[in-house]
Every structure is written in structure tokens, then in C-alpha cells.
Amino acid sequence: MGKGGRYLKSKERKKGRGWKIALIVLAILVVLLGGVAYVGVHYYNAILDLIPRAQYEDRDVSVDDVLDAATYNPDKYTDGD
């Protein structure tokens, strides 16, 4: 094996592979975490959809009823007594 032989060149080429492997591992982790987050959000929304929503019911009280209740006095003398 000479100074610039085939064995030496292949060793030098393998040195630069570490960042590529780290990038691939990082990409796989991002894809997996994204998939877990996607499934989690859809599961959470499915659970929330099972809860019935409140409906608005119009239960207005007329002004006359409010005034009658505000001025009601049970101790007031009436003609019937």
C-alpha cells in the first residue's frame, strides 16, 4: 500500500459521514414526532367532539314582571284584609 493508495482514500471518505447520519436520524425523529403529534391532536379533537355543546335558550323576563317583583311588599295592607 503506497502513500496515496486505495485504502487511505476510502478511510478519508468515511470520516465525513457522521453529519449525514446525524441528519438522517434527526429527520426520522422529526417525522416520528410529527406523526405522534398529528395522531394526538386528532384523538383529542375526537374526544372533545363527544361532549355535547350548550344551546342558547331565550328566557327573557318582561319589564312588567321585573317591576312587579321589585315593588312587591308582602306586608303591604290590602283591601281584602
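Here is a short conversation about how some labels on this predicted model were reached.

Reader: What makes up the secondary structure of the protein?

Author: Happy to start there: the protein has three helices and zero strands, and from the N terminus its elements run α-α-α.

Reader: How do you know which helix the predictor is most confident about?

Author: By the mean pLDDT of each element: helix 2 has the highest, at 95, while helix 1 (residues 6-15) has the lowest, at 60. Over the protein the average pLDDT is 83, and 75% of the residues score at least 70. A word of care fits here: where pLDDT is low, the predicted coordinates should not be read in detail.

Reader: Why is Ile 24 called exposed?

Author: Exposed means over 50% relative accessible area. Ile 24 has 52% relative accessibility, so Ile 24 counts as exposed. Its place is in helix 2 (residues 18-49).

Reader: Which residues make the nonpolar surface patch that includes Ile 24?

Author: Ile 24 is joined there by Ile 21, Val 25, Ile 28, Leu 29 and Leu 32, and the patch covers about 560 Å².

Reader: What makes the pair Arg 59 and Glu 57 a salt bridge?

Author: The cut-off for a side-chain nitrogen of Lys or Arg and a carboxyl oxygen of Asp or Glu is within 4 Å. In this pair the closest N and O atoms are 2.9 Å apart, so the pair meets that rule. As background, side chains of opposite charge can pair when their charged atoms come close. The count of salt bridges comes to one.

Reader: Why does Glu 57 count as exposed, and where is Glu 57 found?

Author: The relative accessibility of Glu 57 is 51%, and therefore Glu 57 counts as exposed, the cut-off being over 50%. Glu 57 lies in the loop between helix 2 and helix 3 (63-70). Its partner Arg 59 is exposed too.

Reader: How much of the protein counts as buried, and what is its accessible surface?

Author: Of the 81 residues, 1% count as buried, a label for under 20% relative accessible area. The accessible surface comes to about 8500 Å², with 62% belonging to carbon and sulfur atoms.

Conventions:
Residues numbered from 1 in each chain as written. Predicted model: local features only at pLDDT ≥ 70, side-chain atom pairs only at ≥ 80, totals over all residues. Heavy atoms only, no water. Patch = residues over 30% accessible without salt bridge, like charges linked within 9 Å, V, L, I, M, F, W, Y side chains within 5 Å. Areas by Shrake-Rupley, 256 points an atom, 1.4 Å probe, with all protein chains shown as cover. Helix = DSSP H or I, 4+ residues; strand = E, 2+ residues; numbered from the N terminus. Buried < 20%, exposed > 50% of the residue type's maximum accessible area, 1.4 Å probe, protein only. pLDDT = per-residue confidence, 0-100.
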